Every structure is written in C-alpha cells, then in structure tokens.
Amino acid sequence: MTPGKRTLAGRAIVVTRPAHQAENLAGLIRDAGGSALLFPVIAIADIDDSRALDRLIARLDEFDWAMFVSPNAVHKALALITARRALPPHLAYAAVGRASVRALQTFGVNNIVAPERFDS
C-alpha cells in the first residue's frame with residue numbers, strides 16, 4: 001500500500017478467521033482504513049476424548065504418509081504425537097499449503113510433499 005493511501009477507507013470487512021487468529025488480519029484491515037468486523041465461523045479446539053487418537057499414534061509406525069490440511073492441524077496433531085513418542089523416521093509428509101509446510105518445519109519435518117501452486 002502506498003503511504004497515505006487508505007484503500008479500504010469507508011469499508012467494513014468481515015473477518016471469519018478463528019478468534020485466536022483474527023487479530024493480524026483485522027489489524028491490516030484497520031491499517032488500510034477499513035473497519036474489521038470479527039465474526040469467527042470456526043473454532044479450533046482440542047478433542048474431548050483422545051483414546052482413538054492415542055491408539056492411532058501408537059500405530060504410527062504402520063503408516064507411510066501423514067497428510068496435513070492446515071497449520072492448525074499440524075500444531076494440534078504433532079503436539080499430541082511428539083508428547084507421546086518420536087516421529088517414525090520412514091514417515092512421509094504431505095501438506096496443502098505453504099503455511100502448513102512452515103508449521104511442519106517447526107517440528108523438524110523437512111521431507112514434505114506439497115503443491116507448487118497454492119490457492120483455493
């Protein structure tokens with residue numbers, strides 16, 4: 001944005017990101033002169049009963065691939081997995097976007113298959 005140019009002046013933008021992730025985008029909107037209306041349409045929460053997931057984590061050596069669809073999925077799943085065990089060395093990883101790739105890398109995962117072009 002050009003300094004002094006307020007491209008969103010007079011506009012209200014609805015931000016549907018989860019509540020804990022909305023402020024960055026809302027700040028950018030306000031910085032551009034707009035009004036950010038926070039309206040989270042999804043909540044990211046821990047599961048209430050992790051027994052089924054715990055069984056899958058215990059069997060992780062039986063799997064060849066782990067696929068992640070969002071940074072939230074990476075952080076939630078790998079926090080649970082790494083709290084219980086080491087990641088299997090043979091496991092391959094796939095991610096659908098750059099942010100998911102970066103999230104995997106924060107857990108030391110670097111052998112990631114991801115598309116070259118990312119868009120919805």
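Start by selecting helix α3, residues 71-84, in this predicted model, and look at what lies over its buried residues: the cover includes α2, β3 and α4 (98-106). Now show the side chains of Asn 72, Val 74, Leu 78 and Ile 81, which are the buried residues of α3. If you like to check the geometry of a helix, pick the C-alpha atoms at the two ends. The 14 residues of α3 reach 20 Å from the first C-alpha to the last, close to the 20 Å expected at 1.5 Å a residue.

**Next stop: α2 against α3**

Keep α3 on screen and add α2, residues 51-58. The two helices pack at an angle of about 65 degrees, and their axes are 10 Å apart. As α2 passes α3, the crossing is right-handed. To see the contact itself, select Leu 53, Asp 54 and Ile 57 on α2, then Leu 80, Ile 81 and Arg 84 on α3. Sorted by class, these contact residues are four nonpolar and two charged, with no polar residue. You have already met Ile 81 among the buried residues of α3; here Ile 81 is also part of the contact with α2.

Which residue does Arg 84 pair with in a salt bridge? Zoom in on the charged side chains: the partner is Asp 54, and the closest N and O atoms are 2.7 Å apart. This pair links distant parts of the chain, with Arg 84 in helix α3 and Asp 54 in helix α2, 30 residues apart. Neither side chain needs to be hunted for under a surface view: Arg 84 counts as partly exposed at 40% relative accessibility, and Asp 54 counts as partly exposed at 27%.

**More salt bridges to visit**

How many salt bridges does a search of the whole structure find? There are six, and two further ones fit well on this route.

Select Asp 46 and Lys 76, whose side chains meet in a salt bridge at 2.7 Å, N to O. Here a loop is linked to a helix: Asp 46 sits in the loop between β2 (35-38) and α2, while Lys 76 belongs to α3, and the two are 30 residues apart. With a surface switched on, Asp 46 is exposed, at 58% relative accessibility, whereas Lys 76 is partly exposed, with a relative accessible area of 34%.

Then move to Asp 61 and Arg 85, another salt bridge, with 3.0 Å between the closest N and O atoms. Asp 61 is in the loop between α2 and β3 (65-68) and Arg 85 in the loop between α3 and β4 (92-95), so this pair ties together parts that are 24 residues apart in sequence. Asp 61 counts as partly exposed, at 45% relative accessibility.

**Last stop: α4**

Finish on helix α4, one of the elements covering the buried residues of α3. Select Ser 100, a residue of α4. Is Ser 100 buried or exposed? It is buried, because its relative accessibility is 2%. Beyond its sequence neighbours within four places, Ser 100 is in contact with Phe 68, Val 69, Ser 70, Pro 71, Val 74 and Ala 95. Val 74 is familiar from the buried residues of α3.

Now pick Val 101, also placed in α4 and counted as buried at 16% relative accessibility. Leaving out residues up to four places away in sequence, Val 101 touches Ala 95, Ile 112 and Ala 114. For a final distance, pick the C-alpha atoms of Val 101 and Ala 79: they are separated by 15 Å, with their positions 22 residues apart along the chain.

Key
Residues are numbered from 1 along each chain as its sequence is written. This is a predicted model: local features need pLDDT of at least 70, side-chain atom pairs count only at pLDDT 80 or more; totals for chains, interfaces and linings use all residues. Side-chain values use heavy atoms; hydrogens and water are left out. A salt bridge is a side-chain nitrogen of Lys or Arg within 4 Å of a carboxyl oxygen of Asp or Glu. Helices (H or I, at least four residues) and strands (E, at least two) are DSSP runs, numbered from the N terminus. Buried means under 20% relative accessible area, exposed over 50%, partly exposed in between (1.4 Å probe, protein chains only). Axes are lines fitted to C-alpha atoms, for helices over the stretch in contact, and angles run from 0 to 180 degrees between N-to-C directions. A crossing is left-handed if the near helix is turned anticlockwise from the far one by less than a right angle, and right-handed if clockwise. Contact means heavy atoms within 4.5 Å. Ala, Val, Leu, Ile, Met, Phe, Trp, Tyr, Cys and Pro count as nonpolar, Asp, Glu, Lys and Arg as charged, and the others, Gly among them, as polar. The expected span of a helix is 1.5 Å times one less than its number of residues.
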